[in-house]
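Biologist: I would like a close look at a single part of this model, namely the strands and how they are arranged into sheets, with the neighbouring helices and the ligand site brought in where they help. Please take me through that part in order.

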Amino acid sequence: MSVSSPSRPATAGPFIDFESHDSCLEIEGLSLAYAGKAALSELTLKVPRHRVTAFIGPSGCGKSTLLRALNRLHDLNEEVDFSGRILLDGQDIHAPEVAVSELRRRVGMVFQMPNPFPMSIYDNVAFGLRLQGGMRKRQMDDIVEWALSSAALWHEVKDRLRASAWSLSGGQQQRLVIARTLAVRPEVLLLDEPASALDPISTLKIEELIRNLKTQLTLVLVTHNMQQAARVSDYTAFLQEGELVEYGATDTLFTNPRLARTENYITGRMA
Ligand SMILES: Nc1ncnc2c1ncn2[C@@H]1O[C@H](COP(=O)(O)OP(=O)(O)OP(=O)(O)O)[C@@H](O)[C@H]1O
């Protein structure tokens with residue numbers, strides 16, 4: 001396949017046929033700048049429900065900035081200016097009636113470094129439930145078991161729920177953080193390089209978990225690892241210098257990209 005193939009257009013819009021898809025998140029004309037320096041430019045894309053969507057692209061292209069925007073993590077940064085809209089189930093996440101705490105319950109986020117709280121395994125998972133209040137011990141026990149099972153960790157920890165979360169391995173800690181996020185029943189799970197600090201076996205467990213979780217919720221994954229994007233995602237968005245270059249079904253984007261820029265990136269011709 002030639003990079004300079006004349007059949008490739010120079011630019012493209014976002015390109016999934018959504019008629020057959022129900023979208024969970026809609027990003028419309030999103031631009032974002034840090035202290036006047038553009039990080040995202042006029043991004044428009046829809047994130048399909050109950051699918052895994054990966055954001056890929058070179059370092060600094062804006063993947064994490066975009067992910068953080070989806071649960072308003074930029075709110076407290078006074079240097080951030082943005083325009084455009086992000087809709088969750090059709091509602092603007094910046095609308096005055098939207099409480100940030102409720103948005104972050106509905107849109108959970110897991111970061112690169114596992115960050116369990118300095119408390120027991122059980123208490124980590126129960127943390128958000130206790131904040132919500134009004135739950136009986138028995139019901140909480142059931143949800144903790146369900147969340148740990150959903151995160152593929154229950155069988156490894158069921159006999160030591162009172163042990164410190166920090167006694168777990170890095171991979172187990174990351175699955176615990178996912179369980180903690182799942183316990184409050186989010187609709188969307190944002191994952192920012194969730195396996196990049198883990199060993200290969202733990203990485204495979206996280207990838208299997210991601211694939212399994214899409215029956216329960218919508219997942220958005222930022223990854224530097226293109227093989228990982230190809231293994232776990234249904235759709236892939238390729239970003240470059242804050243722009244959405246190409247977006248489509250993962251199989252197609254990796255085997256038959258529409259644009260030479262995408263092909264250069266996925267074939268390693270451009271770092
Ligand atoms: N808090 C911040 N303040 C100022 N500039 C920032 C901030 N966070 C990110 N940037 C800048 O915004 C641009 C996009 O960064 P971002 O972290 O979103 O990219 P990325 O694609 O996730 O990169 P990487 O793959 O290296 O994590 C970069 O130029 C970065 O330096």
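Modeller: What follows goes through the two sheets in turn, and then turns to the helices and the residues around the ligand.

The model is a predicted one, and the stretch to keep in mind is residues 25-266, which UniProt, in an unreviewed entry, lists as "domain: ABC transporter". Over that stretch the chain is 38% helix and 27% strand, and the C-alpha atoms at its two ends are 26 Å apart.

I begin with the antiparallel sheet, an open one of 4 strands in the order β2-β1-β4-β5. Its edges are formed by β2 (37-48) and β5 (91-92), each of which pairs on one side only. Between β1, which covers residues 23-34, and β2 there are 8 bridges in the antiparallel sense, and within this pairing serine 23 has proline 48 of β2 as its bridge partner. On its other side β1 is joined to β4 (residues 80-88), again by 8 bridges and again with the strands running antiparallel; here isoleucine 27 is partnered by isoleucine 86 of β4. The pairing of β4 with β5 is also antiparallel and rests on 2 bridges, with leucine 88 facing glutamine 91 of β5 as bridge partner. These last two strands form a hairpin with 2 residues between them, in which aspartate 89 takes a positive phi near 50°.

The other sheet is built from 6 strands, is likewise open, and follows the order β6-β7-β8-β3-β9-β10 with mixed pairing. At its edges lie β6 (107-110) and β10 (243-249), each pairing on one side only, and from one strand to the next the twist averages 15°. Within this sheet, β7 (residues 188-192) and β8 (residues 218-222) pair in the parallel sense over 5 bridges, and aspartate 192 has valine 222 of β8 as its bridge partner. Helix α7, made of residues 200-213, lies across β3 (52-56), β7 and β8, and the helix runs at about 145° to β8.

A separate helix packing can be set beside these sheets. Two packed helices are described by the angle between their axes and the distance between the axes. For α3 (residues 121-132) and α6 (residues 170-182) the angle is about 30° and the axes are 7 Å apart, and the crossing is right-handed. The contact is made by Ile121, Asn124, Val125, Phe127 and Gly128 on the α3 side, and by Leu176, Ala179 and Arg180 on the α6 side. By class, the residues of this contact of α3 with α6 divide into 5 nonpolar, 2 polar and 1 charged.

Finally, the ligand is surrounded by Tyr34, Ala39, Gly57, Ser59, Gly60, Cys61, Gly62, Lys63, Ser64, Thr65 and His224. Two of the strands already described enter this picture, since Tyr34 belongs to the shell and lies within β1, residues 23-34, while Ala39, also in the shell, falls within β2 (37-48). The element that gives the most to the shell is helix α1 (residues 63-69), with 3 residues. By class, the shell holds 3 nonpolar, 7 polar and 1 charged residues.

Technical notes. Residues numbered from 1 in each chain as written. Predicted model: local features only at pLDDT ≥ 70, side-chain atom pairs only at ≥ 80, totals over all residues. UniProt positions renumbered as here; feature names shortened; annotations may be inferred. Near = placed C-beta within 6 Å. Nonpolar A, V, L, I, M, F, W, Y, C, P; charged D, E, K, R; others polar. Pairing = 2+ DSSP bridges. Axes fitted to C-alpha atoms, helices over the stretch in contact; angles between N-to-C directions. Contact = placed C-beta atoms within 7 Å. Left-handed = near helix turned anticlockwise from the far one by under 90°.
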